[in-house]
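Hello,

Here is the structure we talked about handing over. Have a look at it first, and then read on for what turned up.

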Amino acid sequence: MVIADDESLIRASLSSMIKDMEASWQIVSEATNGEELLELIAEHKPNIAIVDIRMPKVQGLDAIRLGKIISPLTKWVILSGYSDFAYAQQAMKLGVSEYLLKPVDPIELEKTLQLVYKDNKEYICLLNQQFENSLFALCNGLTSLKHEARDSLYYQGRFIGWTFYLDTAQPASWVADVQREFYTELHACMEKHLVYGMNLALLALPNGELAAVGAWDTSNGHSGKQPIYDCFSEMEQIINDSYRSEEMLISVLRTGECQGFEEVNRRLQQLQQWGDLRSVCGIGQSLEYVELIKEAVTPHKVEASRLLCAIGHHLQDGMYLSYQNGVNELEVLLQKSDWFNANKEQPSLSKFMGCTLGLVLQEAITDVEMIRELRQYGEKKLQGTCSKETSVDLVKQVIQYIEKHYMDDIGIGQIAGQLNVSANYLSTLFHKKTGMMFVKYLTRIRMMKAKELLMNTNLQVKQVAEQVGYYSTRHFTKVFTQAFGSYPSDCRKNQLQSNS
């Protein structure tokens, strides 16, 4: 980028605003008149030039006319203290992208640069990363909607969300590898579909489940909606082609269309509570929110599905006592309810147990026979093994891992794979022992480390953010403000004042 204005204060102000933006704009040079501007255009061939209309030697509009010949791909933004429409008309005839009036508002300037550079793929990805960061923080309770404008996408936009559940009898370390591969494929699919104005996010929810979210501005009609649905359709195809097989199945739970972030977040939270229902509704399928509402009204069915999924996790994690306790609880539930119907429920249950436990049930099995099969299978698989329930303090290991790697991109699933336990079990255990979800605990550690750096070093806020694992200064500032009630820069100032 090149800035051209004969007033040094204006140039300094623009430079300061641009450096505070999320995008890493590089201001290669500044010009004080039209002749200097043309020399810089010839030397740097910049992506964008911000030009004042009235400058010495060569006026801004004349400089643009000549500059377009020198650097045809440069985008031009006019800056002027004059609101005379004639200037705007001349500028537009020259193909100027935007026309701004002094004094420039920082938000307006950033929006202008986004519009001017909207066809650049890297910039589109950067804007989408901002959306993904904000959505992750909102979904995990790290920030709140009060930081977002009422006319923003988070209030006025339409959203859809999917959550993913992988079921398999394979070891937890194998599951972690597949989940990483799955995440990479979905992320590549999103990046391929991204165009300006699209908003797509792939993020971990509080319980550790992976979710995909799309959002669009309804003021653009269906032009924003269709590309998002095309992207989600391709993700469904990826799942069908590569992640639904004899050894594993991925189930997709869908929110349906929602108005604003609050509604889609509420539905995502509800889907996390209903996720276990896939065991009785049929794993390896795509289940809609409205369908699951009908299933969730039967308390015994909800409790049975919870126990079935817990039994699967206990087997995977080598938890002998917990497995048998789960089977006992399921037996009691089946005895006091008429929920189980062999003809209706067995196909789904057989598919679930075959995939998650490796247990093949006989046809037309009764509930009594099913319990006996589960109990015998657990005895065969788990008795005599060293139960992880008494072997190591897993939570202590997680905390030690966070202390050592808080600056890296880490998640509960990644750590669970290294400890060879399921992410669901480790997440539940961590929450029970610490009273805090993994993401919030990790964020608290990062914020405390950031506060230490702000108070004890001369590092810039951007450098501090990077040191604690944030490569978006804006996102870091939001989370820091939510945690401590003040901006990072104010925190440092207050410390200096108290020391003096």
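**What was found**

Half of the chain is tucked away: buried residues make up 50% of its 500 residues. Please keep in mind throughout that this is a predicted model.

**The chain as a whole**

The chain has 24 helices and 11 strands. Its C-alpha trace spans about 95 × 55 × 35 Å along the principal axes. If you look at contacts with a separation of 6 or more, 67% of them in the chain come from residues 24 or more positions apart. The accessible surface amounts to about 24,200 Å², and carbon and sulfur atoms hold 49% of that. As for charge, you will find 49 positive and 61 negative side chains, with the centres of the two sets 3 Å apart.

**The parallel sheet**

Let me start with an open sheet of five strands, in the order β2-β1-β3-β4-β5, where the pairing is parallel. Its edge strands are β2 (29-31) and β5 (98-101), each of which pairs on one side only. On average, neighbouring strands of this sheet are turned by 20 degrees against each other, with direction ignored.

Strand β1 (residues 2-4) is joined to β2 by three bridges in the parallel sense. In that pair, I3 faces E30 of β2. Helix α1 (residues 8-19) packs on this sheet and touches β1, β2, β3 (48-52) and β4 (75-80). The direction of α1 makes about 150 degrees with that of β1. Another helix to display is α3 (residues 60-70), which lies across β3 and β4 and runs at about 175 degrees to β4.

**Strand β6 and its partners**

Which strand would I show you next? My choice is β6 (residues 158-168): 10 of its 11 residues are buried, so the strand is largely enclosed by the rest of the structure. As a reminder, strands of a sheet pair through backbone hydrogen bonds, either parallel or antiparallel.

Here are the pairings of β6 that I would look at:

- With strand β8 (residues 210-216), β6 pairs in the antiparallel sense over seven bridges. The bridge partner of T163 in β8 is A211.
- With strand β9 (residues 248-254), β6 forms seven bridges, again in the antiparallel sense. Here T163 stands opposite L253.
- With strand β10 (residues 258-259), β6 shares two bridges, and the two strands run antiparallel. In this pair F159 is set opposite C258.

T163 therefore makes a handy residue to centre your view on, as it has A211 as bridge partner in β8 and stands opposite L253 in β9.**A loop residue, Q362**

One last stop is Q362, found in the loop between α15 (342-356) and α16 (367-382). Is Q362 buried or exposed? The answer lies in between: its relative accessibility is 48%, so Q362 counts as partly exposed. Leaving aside neighbours within four places in sequence, Q362 is in contact with Q346 and E373. The C-alpha atoms of Q362 and E373 are separated by 9.5 Å, and these two residues are 11 apart along the chain.

Happy viewing, and write back with any questions.

Best wishes

Notes. Residues are numbered from 1 along each chain as its sequence is written. This is a predicted model: local features need pLDDT of at least 70, side-chain atom pairs count only at pLDDT 80 or more; totals for chains, interfaces and linings use all residues. Side-chain values use heavy atoms; hydrogens and water are left out. Helices (H or I, at least four residues) and strands (E, at least two) are DSSP runs, numbered from the N terminus. Buried means under 20% relative accessible area, exposed over 50%, partly exposed in between (1.4 Å probe, protein chains only). Contact means heavy atoms within 4.5 Å. Accessible areas come from the Shrake-Rupley method with a 1.4 Å probe; for residues, only the protein chains shown count as cover. Lys and Arg count as positive and Asp and Glu as negative; His and the chain ends are not counted. The place of a charge is taken as NZ of Lys, CZ of Arg, CG of Asp or CD of Glu. Two strands pair if DSSP finds at least two bridges between them. Axes are lines fitted to C-alpha atoms, for helices over the stretch in contact, and angles run from 0 to 180 degrees between N-to-C directions.
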